[in-house]
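Reader: I am new to this structure. Please take me through one part of it closely, step by step.

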Amino acid sequence: MTPEPSLDAALADAAGREGWAFFEHAADPGKGDAAQRAATERGERVAAHLAHLHANDPGFVDALDFLLDATLRRQTFTAALGLDPMQAYAFGVFREGQNSFAFAMLKLIAMGRRETLKGRDL
């Protein structure tokens, strides 16, 4: 039987692995602002790259068109007689997840073009 770990042992282990940064809170204004800025800058870079691809690469436009045909341009729920309602619900949730990804791509392209894409929250 192994002894229960003590609080002191857990603290020493955490400090040894991560240093004292383990005790710094993620909501610390100094750290949170920098992390948020970095995430925002990365999102803007990604959006600019996607907008550039959309404007200049016919292969990317074709791939995006294929993605949209398989997601947003398809029905989310199907009416199948005799299908268990929970199976239909699970399929709808699955399809909505696919649609969310496709919409996220469109939203990033719009951001890269400095446009606003309306109709859905991300």
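Is Asp 69 buried, partly exposed or exposed? Please start there and work outward.

Author: Asp 69 counts as partly exposed, because its relative accessibility is 41%. Keep in mind that this is a predicted model.

Start with the setting. The protein chain has four helices and zero strands. From the N terminus on, its elements run α-α-α-α. Buried residues make up 16% of the 122 residues. Asp 69 falls within helix 3, which covers residues 58-70.

Now the partner. Asp 69 forms a salt bridge with Arg 73. The closest N and O atoms of this pair are 2.8 Å apart. Arg 73 also meets Asp 65 in a salt bridge, again at 2.8 Å from N to O. Asp 65, Asp 69 and Arg 73 are thus linked in a network of salt bridges. Side chains of opposite charge can pair when their charged atoms come close.

How open are the other two members? Arg 73 is partly exposed, because its relative accessible area is 48%. Asp 65 is partly exposed too, at 35%. To count as buried, a residue must have under 20% relative accessible area.

Next, helix 3 itself. It has 13 residues. At 1.5 Å a residue they should span 18 Å, and the end C-alpha atoms are 18 Å apart, so the two values agree. The buried residues of helix 3 are Phe 60, Leu 64 and Leu 68. They cover an arc of only 75 degrees around the axis, so they sit on the same side of the helix. An α-helix has 3.6 residues a turn, so residues three or four places apart point the same way. The face turned away from the buried side carries the exposed residues Pro 58, Asp 62 and Phe 66.

Look at the start of helix 3. There, a side-chain oxygen of Asp 57 reaches to within 2.9 Å of the backbone nitrogen of Gly 59.

Now move to Leu 72. Its backbone nitrogen lies 3.4 Å from a polar atom of the side chain of Asn 99. Asn 99 has its place in helix 4. Asn 99 counts as buried, because its relative accessibility is 3%.

That contact leads into helix 4, which covers residues 85-112. Its 28 residues should span 40 Å at 1.5 Å a residue. The end C-alpha atoms of helix 4 are 40 Å apart, so expectation and model agree. Asn 99 is one of the buried residues of helix 4; others include Ala 88, Gly 92, Arg 95, Phe 103 and Ile 109.

Helix 4 also has a residue open to the outside. Met 86 lies in this helix. Met 86 is exposed, because its relative accessible area is 55%. Together with Tyr 89 and Val 93, Met 86 forms a nonpolar patch on the surface. The patch has about 330 Å² of accessible area.

Finally, see what follows helix 4. Arg 114 comes after it, with a positive phi near 65 degrees. Arg 113 forms a salt bridge with Glu 115, with the closest N and O atoms 3.9 Å apart. Arg 113 is partly exposed at 41%, and Glu 115 is partly exposed at 44%.

Back to the starting point. A search of the whole structure finds three salt bridges. Asp 69 takes part in one with Arg 73, and Asp 65 belongs to the same network.

Terms used:
Residues are numbered from 1 along each chain as its sequence is written. This is a predicted model: local features need pLDDT of at least 70, side-chain atom pairs count only at pLDDT 80 or more; totals for chains, interfaces and linings use all residues. Side-chain values use heavy atoms; hydrogens and water are left out. Patches are made of residues with over 30% relative accessible area and no salt bridge: like charges are joined within 9 Å, nonpolar side chains (Val, Leu, Ile, Met, Phe, Trp, Tyr) within 5 Å. Accessible areas come from the Shrake-Rupley method with a 1.4 Å probe; for residues, only the protein chains shown count as cover. A salt bridge is a side-chain nitrogen of Lys or Arg within 4 Å of a carboxyl oxygen of Asp or Glu. Helices (H or I, at least four residues) and strands (E, at least two) are DSSP runs, numbered from the N terminus. Buried means under 20% relative accessible area, exposed over 50%, partly exposed in between (1.4 Å probe, protein chains only). The expected span of a helix is 1.5 Å times one less than its number of residues. The arc is that of the directions from the helix axis to the C-beta atoms. A polar contact is a pair of N or O atoms within 3.5 Å; within protein, one must be able to donate a hydrogen and the other to accept it, and residues adjacent in sequence count only if both atoms are side-chain atoms.
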